[in-house]
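This report goes through one model in order: confidence, the pairing of the protein chains, and the contacts with DNA.

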Protein chains: 2
Amino acid sequence: MTKVVDKKATIRDVARVSGVSVGTVSRSLNVPETVKPETLSKVRAAIRSLDFQPDVRAQNMRRRSTMTVGFVIDDIANPWHASCFKAIDAELRQKGYSLYLMSTHGQASEEAAALDMLQHGRADGMIMTINNEQDARTIKRLKELRIPAVLLDRDIPLEIDAVLTEHAPGLRQATNYLIELGHRRIAIITAGSDIRPGRERVRGFVEAFERAGLPVPRDLIRSQSLSADYGFREATTLLQMPERPTAIIAAGNRILAGVLRAMQQQGVSVPQDISLIACDRSDIAMLYPGPITLIDRPVEEIGRTAAQLLLERLDGSNARPAQRISFPTHLIMGGSCLPVRR
Amino acid sequence: MTKVVDKKATIRDVARVSGVSVGTVSRSLNVPETVKPETLSKVRAAIRSLDFQPDVRAQNMRRRSTMTVGFVIDDIANPWHASCFKAIDAELRQKGYSLYLMSTHGQASEEAAALDMLQHGRADGMIMTINNEQDARTIKRLKELRIPAVLLDRDIPLEIDAVLTEHAPGLRQATNYLIELGHRRIAIITAGSDIRPGRERVRGFVEAFERAGLPVPRDLIRSQSLSADYGFREATTLLQMPERPTAIIAAGNRILAGVLRAMQQQGVSVPQDISLIACDRSDIAMLYPGPITLIDRPVEEIGRTAAQLLLERLDGSNARPAQRISFPTHLIMGGSCLPVRR
DNA sequence: GCATAAAATTGAAACGTTTCTAAGTTAGAG
DNA sequence: CTCTAACTTAGAAACGTTTCAATTTTATGC
């Protein structure tokens, strides 16, 4: 029991106890090499005896920084986002940053609120995946952003760093693989054209048919949302078509869950009844009844890169032009595709 | 284009422009009902024209709070934690709090680092699931904690609020169900006895046998870790036993993924070759080849309750004794269990 | 031992709020 | 019209750091 009323010690207490000035204590903490070893040890002794810890709030105020970065996404329960978060966190934490996680639930209003929050001294930077590349509110905020930001897989005509995935070639490859297996009635379910992954995936899908000189099955393109419900609904109607597809590309993490649920409900099995290709690794994609053939992308590297881009801006020289870094996808062969039945 | 060099406006600028004192501006912002309507509108006009936003860092410093809560867990890629985070976030956000997400990767050192971080002015409170209830470093920090905290599913002999799950009755019920299906060689794979879920689950498992007057299959209790790898390893050896179990309880989210991988690798199918019970809802548990029978718990309610307990402490009166709130589990019937073959 | 340069330290001034006391203003009662 | 009480407001003092100019101490070279 040291003291009865021990309000938290401040740097002034340390100065008093060690018999030096507050400036010296501060320097001992931040640039110890500029203080005489003898003094340093006095200060350190005082710090120990008082159990002093600098008040982070005061530091933030004075340094005009918070060592905090906001990660803004629609849903952390999406395993891809969770993995991405982990990669970003690992990279930033070793530089002393902590992460705010802000879920927007796909709502433009929450997105706007999150950006407003982060703007004014709550975070030093942000990494985000916005819900709609055309949303005026969000665009406005991004334009007026006072802190550095990195976009994940989104395309905005602004000077903002971005880390992208080459979805189109990935989808082209996957679609082509199905075509070579003899499939013609291939469906794709993915995000809407209001976000880059939706646009690019559909583009790759279409290109594959065009390059193969085949008609594009426009009626099988379902491109509106990344949600599990959307995947479920669209898969359900696709499976009930008179001439139903022989293969489905579930291009989205959550979509896959919905698609599988629909298949289960309709008693359709993979790959016997229908071929299936997924996007991004996930428990379910890798385990289902067996591993599903999927279009993978290096999520850890993507996260790490985003963090590094942000760090470059945070570490002072804000001067370089916005950068866009792209990562390719890889088709991982699982057991969910069979040659089409004659 | 309003100004060329517009450093961020401060409350002093607002005071100057609106012709009142800084104190009045502050009151206009925080307790508008104490300022004359006339004055208020002058101030608001100035705020608008300057595009003034209070600096959060300065507010934090002065108010000695940050409106931030830390959520400390081992891995956000665990879908249960992700769901829990969402519930907590929803509850806290509407009171104006933001959440730090800190992943400890199950490492005691990272856990200690996270607690230290949060202690000194970075967060106003914390909600956490620690990795080991016996770890001296963590216990020490918890004992000296200067901010309110809520433990999730952990049992520590300290005055700390906690939200718990009644794992034992849940496991007893699940085990009993298997026993009634004729199973005797039932295995359980779960966490170690260093955390409450591990202890309680094993306890419930054992009790079920005892109450049924049956010998407890001690050789089939694998209780060491919640990781997917552990699940994989233990399932692999269990499946290779000469007299292998006829049912496995994969008591843990990640464990289930490991167990399923092992089964897949060994060509064992559920439920034909072996019965399976899981814990907690997840994509994989609900979709596998069909929904797996599982011991569910109300994750949203658990998260919400934890948030509410914390809010009670944050909202001033720190006075009530520590509270422990328990939630029951429910057995959800899937199709992963069959009567044991004669 | 002195002059000078280098190293170390001091002490005060920020940083942008909130809050508190004192002072000023307004309204109602007599 | 005056007095008092109730509102409002002004202005300064924190909050706990960092930083910077000024000063003091120490080291170096001759």
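What is the mean pLDDT of chain A, and what share of its residues reach 70 or more? The model is a predicted one. For chain A the mean pLDDT is 93, and 97% of the residues reach 70 or more. Residues 1-5 of chain A have a pLDDT below 50, and this stretch has one contact in the model beyond near neighbours in sequence. Where pLDDT is low, the predicted coordinates should not be read in detail.

**The two protein chains**

Chain A superposes on chain B, with an RMSD of 0.1 Å, after a rotation of 180° and a shift of 0.1 Å along the axis. This is the relation of a two-fold axis. The C-alpha of A:Y100 is the one in chain A nearest the axis, at 2.3 Å from it.

In the interface, 48 residues of chain A are in contact with 48 residues of chain B. The area buried between chain A and chain B is about 4,300 Å², and 56% of it lies on carbon and sulfur atoms. On the chain A side, the residues that lose the most area to chain B are A:R57, A:H120 and A:L287, which together make up 17% of what that side buries. The copies meet through the same surface, because 100% of the interface residues of chain A are also interface residues in chain B.

**DNA strand C**

DNA strand C is surrounded by 28 residues, of which A:T39, A:R62, A:R64, B:I11 and B:R62 are the closest. Both protein chains are thus named among the closest residues. Sugar or phosphate holds 58% of the strand C atoms within 4 Å of the protein, and bases hold the rest.

Chain A reaches a phosphate oxygen of DNA strand C with a backbone N or O atom of A:K36 and with a polar side-chain atom of A:R64. From chain B, a polar backbone atom of B:I11 also lies by a phosphate oxygen of this strand, 2.7 Å away. Two or more residues of the surface near DNA strand C come from each of α2 (22-30) and α4 (56-63) of chain A, and α1 (11-18), α2 (22-30) and α4 (56-63) of chain B. The element that gives the most is α4(B), with five residues. By class, this surface has nine nonpolar, 11 polar and eight charged residues.

**DNA strand D**

Around DNA strand D there are 28 residues, and A:S26, A:R62, B:T39, B:R62 and B:R64 come nearest. Of the atoms of strand D that come within 4 Å of the protein, 59% belong to sugar and phosphate.

Which elements supply at least two residues each of the surface near DNA strand D? They are α1 (11-18), α2 and α4 of chain A, together with α2 and α4 of chain B. Here α4(A) gives the most, with five residues. The surface near DNA strand D divides into nine nonpolar, 11 polar and eight charged residues.

**Contacts with phosphate oxygens**

The table lists distances from protein atoms to phosphate oxygens of the two strands.

| Residue | Protein atom | DNA strand | Distance |
|---|---|---|---|
| A:K36 | backbone N or O | C | 3.3 Å |
| A:R64 | polar side-chain atom | C | 2.5 Å |
| B:I11 | polar backbone atom | C | 2.7 Å |
| A:S26 | polar side-chain atom | D | 2.7 Å |
| B:T24 | side-chain N or O | D | 2.9 Å |
| B:K36 | backbone N or O | D | 3.2 Å |

Methods:
Residues are numbered from 1 along each chain as its sequence is written. Chains are lettered from A and ligands numbered from 1 in the order in which they are written. This is a predicted model: local features need pLDDT of at least 70, side-chain atom pairs count only at pLDDT 80 or more; totals for chains, interfaces and linings use all residues. Side-chain values use heavy atoms; hydrogens and water are left out. pLDDT is the predictor's confidence in each residue, from 0 to 100. Contact means heavy atoms within 4.5 Å. Copies are superposed by least squares on the C-alpha atoms of residues with pLDDT of at least 70 in both. A residue is near a molecule or strand if one of its heavy atoms lies within 4 Å of it. A polar contact is a pair of N or O atoms within 3.5 Å; within protein, one must be able to donate a hydrogen and the other to accept it, and residues adjacent in sequence count only if both atoms are side-chain atoms. Helices (H or I, at least four residues) and strands (E, at least two) are DSSP runs, numbered from the N terminus. Ala, Val, Leu, Ile, Met, Phe, Trp, Tyr, Cys and Pro count as nonpolar, Asp, Glu, Lys and Arg as charged, and the others, Gly among them, as polar. Buried area is the accessible area (1.4 Å probe) that two parts lose on being put together, summed over both.
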